Amino acid sequence: MNRTTLSLIAGATALVAVTGLAALTAPDASGAHPAEAAAELPVERTSLLCPVPSTSDLADTSYTSYTPVTKGAGSEGKGELRSASEESEDGSGGGTSDGNKDAKKDGESGDKRTGKSGGTDKAVKPVLTPKAPGKPVTGDASGSDAPAFVGTAEGGFAPGWTVQETTEVAAGSGRGLQGVNCTAPDTEFWFPGASTDTGRTDYVHLTNPDDSAAVVDIELYGKDGTIESTVGEGITVAPHSTDPVLLSTLTDEKQTNLTVHVNVRSGRVGAAVQALDDKLGGDWLAASTDPAGSLVLPGIPKDATSVRLIAFTPGDADADLKVRLASPSGRITPAGNETLHVKAGMTSAVDLGAVTRGEAGSLVLTPTDDSVPVVAALRVVRGKGDKQETAFIPATGPVGTRATAADNSGKGATLSVAAPTRTSRIKVTASAGSEGGTAASKTYTIKAGTTQDIEAPVPSGLKGTYALTVETLSGGPVYASRTLAATEEGVPGFTIQTLPDDRGTVAVPQADQDLSVLQK
């Protein structure tokens, strides 16, 4: 998935609306590329979508908003997170929060999956409104009535804006800690790691932030290939609404490992999979990065008791992958799992067991020969017996210039950083606390081929929660994830979010250049 950012560049709004316009032009007579002299400017508008957090009455959800300070962005502007249905001018948005029975097709109105239209005439205040870049702001919601949220940030609040949704569910299916980074709207998403197996209840949450309806196809791929289903075709997501689509309503087949492909025919949506297990808790499965020949899945907890790799190739050719673990001392080969063969159009999975063996680790996938694009994710289990909990790590893009994880507290947060190819130097900044404290920064060197669970800085005089921002200073690409952990009644609840580049700036050509913008 492309993490998308809105940039208000005059004359190019339609093309920049989601990711910023990226175009390639031929080198000039001197051999220099026109984009090389482009100015790096902060984006001026960002949109984020947060799914319905839970259908449980025992759920408590917190939202944390944070914008890192960006040079040249200033402090003017605004940001807010509102109920998706509240965004609709006439209050007719089709927001939902319950399970579904039938998929809604083109031209149908209301929500057959819940029997609700989701609209509301009642004014809803923003769940949170950021006050200033550099300081987190928090909000909360309880129970099963919490809606999906649409967030918009402008001016100095837009570059690198991050919103974390974290939910604690006390009991029932999916009990434990669930977390997700609110995502930008896009037109295509891949989710390897979903399931329709007995004991699993998986939803694809689709949120439409726009004034016109979006039309979405949901395709399922199992171990034998495409799972035929017309129910997932042409699902209409009404303007300013959200639809949680229960995967088991799209097929009668019980599949332990599924790849879900969300393809938007018209419009754009935010998408995330909520994977709930009767025995193993649950978490959000974020989209894998775009299909690529080599992938990195960072930040497997050192005490993981079970790790499963799920991979899928959308092309016509099979993929053969080398499987390596980047440990604190370097790359190692998991015993008995040196390679993985992924048949074209079929979901492949392999159980790696307790692959980290008490040390930090990241999985690195590279082609054995010809490079074939794949998507991948890890299902990670901690705990034993009836005290187990699940989280997911999708393949992700590198930190790049900068990336942020919000909603950290003084305890229970682990920042894991991998440098799979070359030694890298990074800077980690802990923001001021949401209720007080002073920001702190520290630099680290991550050796080539290793993963480090770093001892990140904590704001002095911390009150409330804080954000961790990672910046690449030199060397090769780094990949990172943040784990939140909280043990309740012996259950090791945890959730993992990756840190891809926040794309807080875009390269804008000079006035005498060809109008080409290169996304950073």
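Cysteine 50 is buried, with a relative accessibility of 0%, in a model that is predicted. This cysteine is one half of a disulfide whose other half is cysteine 182, and the briefing below starts from that link before turning to a sheet of four strands, to two separate nonpolar cores and to the surroundings of alanine 292.

**The disulfide**

- The count of disulfides in the model comes to one, and the bond runs from cysteine 50 to cysteine 182 with an S to S distance of 2.0 Å.
- Because cysteine 50 belongs to strand β2 (residues 45–50) while cysteine 182 sits in the loop between β8 (176–181) and β9 (188–194), the pair ties together parts that are 132 residues apart in sequence.
- The torsion about the S-S bond is about 110 degrees, and the disulfide is therefore right-handed.
- Cysteine 182 has a relative accessibility of 2%, which is under the 20% limit, so this residue counts as buried.

**An open sheet of four strands**

- Four strands form an open sheet in the order β32-β28-β35-β36, and their pairing is antiparallel.
- The edges are taken by β32 (450–454) and β36 (491–498), each of which has a single partner strand, so that one side of each is left without a neighbour in the sheet.
- On average, and with direction ignored, neighbouring strands of this sheet are turned by 25 degrees against each other.
- Within the sheet, strand β28 (residues 413–419) and strand β35 (residues 479–488) run antiparallel and are joined by six bridges, and leucine 415 has arginine 482 in β35 as its bridge partner.

**Nonpolar cores**

- The largest nonpolar core holds 28 residues, and those with the most contacts inside it are Leu297, Ile300, Val307, Leu309, Leu363, Leu365 and Leu378.
- Strand β20 (residues 319–327) gives the most to this core, contributing four residues.
- Apart from its neighbours within four places in sequence, leucine 297 is in contact with a set of residues that includes Ser362, Leu363, Leu365, Leu378, Ile393 and Ala395.
- A second core, separate from the largest one, has 27 residues, among them Phe189, Phe191, Leu206 and Val273.

**Around alanine 292**

- Alanine 292 is found in the loop between β17 (281–285) and β18 (295–300), and its relative accessible area of 25% makes this residue partly exposed.
- When neighbours within four places in sequence are left aside, alanine 292 is in contact with Val372, Pro373 and Val374.
- Alanine 292 and alanine 395 are 103 residues apart in sequence, while their C-alpha atoms are 9.8 Å apart in space.

Terms used. Residues are numbered from 1 along each chain as its sequence is written. This is a predicted model: local features need pLDDT of at least 70, side-chain atom pairs count only at pLDDT 80 or more; totals for chains, interfaces and linings use all residues. Side-chain values use heavy atoms; hydrogens and water are left out. A disulfide is a pair of cysteine sulfur atoms within 2.5 Å. Buried means under 20% relative accessible area, exposed over 50%, partly exposed in between (1.4 Å probe, protein chains only). Two strands pair if DSSP finds at least two bridges between them. Axes are lines fitted to C-alpha atoms, for helices over the stretch in contact, and angles run from 0 to 180 degrees between N-to-C directions. A nonpolar core is a set of buried Ala, Val, Leu, Ile, Met, Phe, Trp, Tyr and Cys residues joined through side-chain atoms within 4.5 Å. Contact means heavy atoms within 4.5 Å.
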